[in-house]
Amino acid sequence: MMQLFNGLGAVPPGFGPSAVTVGKFDGVHLGHRGVLTQLTSLAADRGLLPVVATFDRHPFALLRPDDCPEALVSNAQRADLLAESDVAATLVLEFNRELSELPPIAFAERILHDALDARLVLVGTDFRFGHRGEGRIDSMREHGRIFGFEVVLLEDVLVDGRRVSSTNIRQHLSAGEVREAAKLLGRYPRVRSTVVHGDAIGREIGFPTANLDPAMEGFLPADGVYAAWAWIDGVRHGAAVSIGNNPTFDGIPARRTEAHLIDTSLDAYGKTIELDFVEYLRPMVKFDGVPTLVAALAADTERIRALLAEEAGLGSDPAPDAPRP
């Protein structure tokens, strides 16, 4: 089971020796998974503990907050995903002013050498560390000679000839392209929240919905209607998910996320729900009345039921190893 260290003070004395990779790991996408596969393989060959060193926030949240991208996953979701990769431990560093001003050699000494007893450090081609990102691969190799660790350069992971990046995944999700995002993530895009009480409009028209608390974990895709899997109490349900302000009804200006659980009458109020987005169906539409809306919802439900049955029956889930509640 993966150990989770929140801060250097949580690393026990005598921890290691280890093989370490350092990065944000936002989304734990296929590029990250490639890194983790190499990390665990090389660590096993050398009798080392495979360790991820990461941060509690994007560095831009402190250094350039206006340019800081929205996270693909919460810290808790990231920890769950990293635990699936067989790493021995994850060290989460608070990215504060002190850490941002740490000289590269001090980063290598305090974190990699002193805390983690690193003997092997894996870095990507664009790796930067220390104050103002002054540390580069060559300087990490120089520090390795001082502190007794080897540096291994990792190659980028490509999908359809393109480098996998969190930025590309955000772009796909912001356009509602959940299939394309899933190809880069190696799993369905997922959000996690709590089911809260809504205005009961769905129940009144025959399509009750689980309303998600807006304070959710994960990156919510663009407004629209989606086919999704909903996980509640460890059980998977097919779901029709709408994201938007429900333009058919007046007085509902706020963006909301609602999941109609297909073929179940489960009372989910107060429960944790996780949504895996499978397919974008259509944009949010203002219908000319309730009967037209009901007909559209019925058509959406039939289409989603068939799509998810095919998805499950053909084994075409792009994330057969995705973590489950």
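**Group meeting: strands, a helix and a pocket**

Okay, let's start with the fold: strand 2, helix 1 and strand 3 form a β-α-β unit, and that unit is right-handed. Before I go on, keep in mind that this is a predicted model.

So, the pieces. Strand 2 covers residues 18-22, helix 1 runs over residues 30-46, and strand 3 takes up residues 49-55. Strands 2 and 3 run parallel, with five bridges joining them. If you want one pair to click on, take Val-22, whose bridge partner in strand 3 is Ala-53.

Now look at the other neighbour of strand 3. Strand 4, residues 89-93, is also joined to strand 3 by five bridges, and these two run parallel as well. Here the pair to click on is Val-52 with its bridge partner Thr-90 in strand 4. And how many of the seven residues of strand 3 are buried? Six of them, so you can call that strand mostly covered.

Next, helix 7, residues 166-174. Its buried residues are Ser-166, Asn-168, Ile-169, Arg-170, His-172 and Leu-173. What do they pack against? Helix 1, which we've just met in the β-α-β unit, plus strand 8 at 162-163 and helix 8 at 178-185. Then, just after helix 7, there's Gly-176, with a positive phi of about 80°.

On to the part you may want to open in your own viewer: the largest pocket, with a volume of about 1,300 Å³. It is lined by 43 residues, and the closest to its centre are Gly-23, Lys-24, Asp-126, Phe-127 and Arg-128. Which elements give two or more residues to that lining? Strand 2, helix 1 and helix 7 are among them, and so are helix 2 at 60-63, helix 4 at 97-100 and strand 5 at 118-124. As for chemistry, the lining divides into 18 nonpolar, 15 polar and ten charged residues.

Last stop, a single residue. Ser-100 sits in helix 4. Is Ser-100 buried or exposed? Its relative accessibility is 7%, and the cut-off for buried is under 20%, so Ser-100 counts as buried. What is around it? Setting aside the neighbours within four places in sequence, Ser-100 is in contact with Leu-62, Leu-63, Phe-95, Gly-130, His-131 and Arg-132.

That's the tour. Happy to pull up any of those residues on the screen.

Note on methods: Residues are numbered from 1 along each chain as its sequence is written. This is a predicted model: local features need pLDDT of at least 70, side-chain atom pairs count only at pLDDT 80 or more; totals for chains, interfaces and linings use all residues. Side-chain values use heavy atoms; hydrogens and water are left out. Buried means under 20% relative accessible area, exposed over 50%, partly exposed in between (1.4 Å probe, protein chains only). Helices (H or I, at least four residues) and strands (E, at least two) are DSSP runs, numbered from the N terminus. Two strands pair if DSSP finds at least two bridges between them. A crossover is right-handed if, with the strands pointing away from the viewer, the path from the first strand over the helix to the second runs clockwise. Contact means heavy atoms within 4.5 Å. On a 1 Å grid over the protein atoms alone, a cavity is a set of points where a 1.4 Å probe fits but cannot get out, and a pocket is an open set with protein on both sides within 12 Å along at least five of seven lines; lining residues have an atom within 4 Å of a point. Grid points are joined across faces, edges and corners, and a volume is the space filled by probe spheres set on the points. Ala, Val, Leu, Ile, Met, Phe, Trp, Tyr, Cys and Pro count as nonpolar, Asp, Glu, Lys and Arg as charged, and the others, Gly among them, as polar.
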